[in-house]
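Please go through the reasoning behind the labels used for this structure, setting each value against its cut-off.

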Amino acid sequence: MTSDLSTPAAPDGGAESGAVLDGNAAAGDFAGILASDPTTVTVRCGSCGSTQAFGQLSACLGGPGTVLRCRQCEAMVARVAKTPQGTWLDLSGSSSWLFLPAPGPA
């Protein structure tokens with residue numbers, strides 16, 4: 001028995017069907033998965049190695065998922081898609097995500 005758990009159809013990250021905004025526009029889609037405020041994260045592109053704040057990435061909304069692209073080389077860095085099978089998180093276009101420590105008590 002096989003199960004169809006293929007990722008949503010968007011071979012190049014789905015940029016063609018939605019508006020392109022800054023990464024802050026995608027923060028809500030990623031916040032529910034990361035259990036953290038993604039706008040505080042620094043992301044390294046897996047293609048060109050550029051390091052950018054989450055909010056500096058290009059966000060493509062309105063396709064089969066929300067896609068984040070590198071501002072330097074336009075490669076797909078990450079995407080999230082909600083399907084009937086569940087929520088897909090694809091970070092394959094990034095090499096690292098830096099989460100800063102939460103501020104401690106004063």
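**Reasoning around one strand and a ring cluster**

In this predicted model, L68 has A78 as its bridge partner in β6.

Q: What makes β5 and β6 count as paired strands?
A: Pairing requires that DSSP finds at least two bridges between the strands, and four bridges join β5 to strand β6 (residues 76-83), the two running antiparallel, so the pair meets the definition. In their hairpin, which has six residues between the strands, E74 takes a positive phi near 65°.

Q: How do you know that β4 and β5 pair as well?
A: Strand β4 (residues 58-60) and β5 are antiparallel over three bridges, and since the definition asks for at least two, they pair. Within this pairing, C60 has V67 as its bridge partner in β5. The hairpin that β4 and β5 form has five residues between them, and G62 in the turn shows a positive phi of about 95°.

Q: Why is T66 called buried?
A: The relative accessibility of T66 is 7%, and buried means under 20%, so T66 counts as buried. T66 is found in strand β5 (residues 66-69), where T66 and L68 on one side and V67 and R69 on the other are all buried, so that both faces of the strand are covered.

Q: What makes the link between T66 and D29 a polar contact?
A: The side chains of T66 and D29 are joined at 2.5 Å, and because the cut-off for a pair of N or O atoms is 3.5 Å, the distance qualifies. Beyond its neighbours within four places in sequence, T66 is in contact with residues including A26, D29, F30 and C60.

Q: Why is the pair of F30 and F54 called edge-to-face?
A: The structure holds three aromatic pairs. In the pair of F30 and F54, the ring centres are 5.6 Å apart and the planes stand at 75°; centres must lie within 6.5 Å and planes over 60 degrees apart count as edge-to-face, so both conditions are satisfied. F30 and F54 are each buried, with a relative accessible area of 0% for F30 and 0% for F54.

Q: What makes the pair of F54 and W97 tilted?
A: The centres of F54 and W97 are 6.2 Å apart, with 55° between the planes, and because this angle is neither under 30 nor over 60 degrees, the pair counts as tilted. F54 lies in the loop between β3 and β4 and W97 in strand β8 (residues 94-99), so the pair ties together parts 43 residues apart in sequence.

How values were computed
Residues numbered from 1 in each chain as written. Predicted model: local features only at pLDDT ≥ 70, side-chain atom pairs only at ≥ 80, totals over all residues. Heavy atoms only, no water. Buried < 20%, exposed > 50% of the residue type's maximum accessible area, 1.4 Å probe, protein only. Polar contact = N/O pair within 3.5 Å; in protein donor to acceptor, adjacent residues only side chain to side chain. Contact = heavy atoms within 4.5 Å. Phe/Tyr/Trp six-rings, centres within 6.5 Å; stacked < 30°, edge-to-face > 60°.
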